[in-house]
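I opened this entry to go through the structure piece by piece. My notes follow in the order in which I looked things up.

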Amino acid sequence: MNDFDNDLRRTLRRRQPPRDLTAGVMARIAQPAKRSIFAVFHWRPLLAAAAAVLILAAGIGQYREYRRGQEAKRQVMFALEITAQKLAVVQEKIDELNQRSIAHDR
Amino acid sequence: MKADLEAFAALVRSRQAMVYSIAWNYLHDTALAEEIAQEAFLELHRSLPRIESEAHAVHFLRRVAVHRAIDEGRRRRWQSRAGLEDAPEPVAPATVGDPLLDGALRRLVDSLPSRSRMIVVLRYQEDLEPGEIAETLGIPVGTVKSNLHRSLAVLRKRLQSRDGKPAVGVSK
């Protein structure tokens, strides 16, 4: 062992904390354990995994429903658009016939 | 039950310097070191049914303090931190030696990579053998030996360049 080792040993020596930690530690031990809503999952990883799978499955189901609704809405809008186009053509024909009959009457 | 608590309080009193110093020598933050020390003792209390002896308890405390300190060091890596000069010196018995050299060595140790720093702390604060350090950190003994060898070479070289004198045998 050389002086460098001794210097390091002295620099990194153990030190007492500025205040005794005993009272603080014992007070925290005496406190009732705080249980959060998630604490149950801490000790039951399988339950947590099952809950996560259920939530995921429910989310996927909801998303699929939403997509199906969106598709149905798109199809209805498309059908209404076609109908409107057809009605416009019919209206055009009626107008044309009306014009002709007026001209013929004169 | 009361006797158990008294025994545990005595254990806290007798081992707090070890646990606190591991965290302080690694982080140089008094409040954090205190918090880590308290957490280590709480963790030990929760695990008491699995603890077989006082030596086991000491080993457990050392492991928890080491890993908490390393985690905290990682967390703080991206946060601004006070310089070592701002860190208040913890209460310690009067020492024989050069306080300037102490400060310089502490700064040099602090400049080492995190794992190397903890290896040096465990070797020189706790006087652990490489095998014990390896077990505490969960790494191979060979890694501890080579890391320690390299770290000490770096520290010697940096101290030498700082002082402008040969580093082996620093103290007079």
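I looked first at B:H28, to see whether it is buried or exposed. B:H28 has 23 C-beta neighbours inside 10 Å, so I entered it as buried, the cut-off being 20 or more. I found B:H28 in the loop between α1 (2-27) and α2 of chain B. B:H28 is not a glycine, yet its phi is positive, at about 55°. This is a predicted model, and I read each entry with that in mind.

Next I turned to B:D127, again a residue that is not a glycine but has a positive phi, of about 55°. I placed B:D127 in the loop between α5 (114-124) and α6 (130-137) of chain B. I asked whether B:D127 is buried or exposed. B:D127 has 9 other C-beta atoms within 10 Å, so I noted it as exposed; the cut-off for that is 12 or fewer.

I then listed the secondary structure of chain B. I noted seven helices and zero strands, in the order α-α-α-α-α-α-α along the sequence. Chain B has 172 residues, and 30% of them are buried. I also looked at contacts in chain B between residues at least 6 apart in sequence: 59% of these join residues at least 24 apart.

For a helix pair I took α2 (residues 30-46) and α3 (residues 54-77) of chain B. Two packed helices are described by the angle between their axes and the distance between the axes. For this pair I noted an angle of about 135° and axes 9 Å apart. That angle makes α2(B) oblique to α3(B). I entered the crossing of α2(B) and α3(B) as right-handed.

Which residues meet between α2(B) and α3(B)? From α2(B) I wrote down B:L32, B:I36, B:A37, B:E39, B:A40, B:E43 and B:L44. From α3(B) I wrote down B:A57, B:F60, B:L61, B:V64, B:A65, B:R68, B:A69 and B:E72. By class, the residues of this contact are 11 nonpolar, no polar and four charged.

I moved on to chain A. I noted four helices and zero strands, with the pattern α-α-α-α along the sequence. Of the 106 residues in chain A, 8% are buried.

How many residues does each chain give to the contact between chain A and chain B? I noted 23 residues from chain A and 36 residues from chain B. On the chain A side, the elements that give two or more residues are α1 (3-11) and α2 (22-30) of chain A. α1(A) gives the most to that side, with eight residues. The chain A side divides into nine nonpolar, six polar and eight charged residues.

Last, I checked the confidence. The complex has an ipTM of 0.79 and a pTM of 0.66 from the predictor. Chain A averages a pLDDT of 88, and 89% of its residues score at least 70. Within chain A, confidence is lowest in helix α3 (residues 39-43), with a mean of 60, and highest in α2(A), at 93. Chain B has a mean pLDDT of 85, and 82% of its residues reach 70 or more.

I marked two stretches of chain B. Over residues 82-86 of chain B, pLDDT stays under 50, and the model has five contacts there beyond four places in sequence. Over residues 167-172 of chain B, pLDDT also stays under 50, and the model has 19 such contacts. Where pLDDT is low, the predicted coordinates should not be read in detail.

Notes
Residues are numbered from 1 along each chain as its sequence is written. Chains are lettered from A and ligands numbered from 1 in the order in which they are written. This is a predicted model: local features need pLDDT of at least 70, side-chain atom pairs count only at pLDDT 80 or more; totals for chains, interfaces and linings use all residues. Two residues are in contact if their C-beta atoms, placed from the backbone, lie within 7 Å. Ala, Val, Leu, Ile, Met, Phe, Trp, Tyr, Cys and Pro count as nonpolar, Asp, Glu, Lys and Arg as charged, and the others, Gly among them, as polar. Axes are lines fitted to C-alpha atoms, for helices over the stretch in contact, and angles run from 0 to 180 degrees between N-to-C directions. Angles under 35 degrees count as roughly parallel, over 145 as roughly antiparallel, 65 to 115 as roughly perpendicular and the rest as oblique. A crossing is left-handed if the near helix is turned anticlockwise from the far one by less than a right angle, and right-handed if clockwise. pLDDT is the predictor's confidence in each residue, from 0 to 100.
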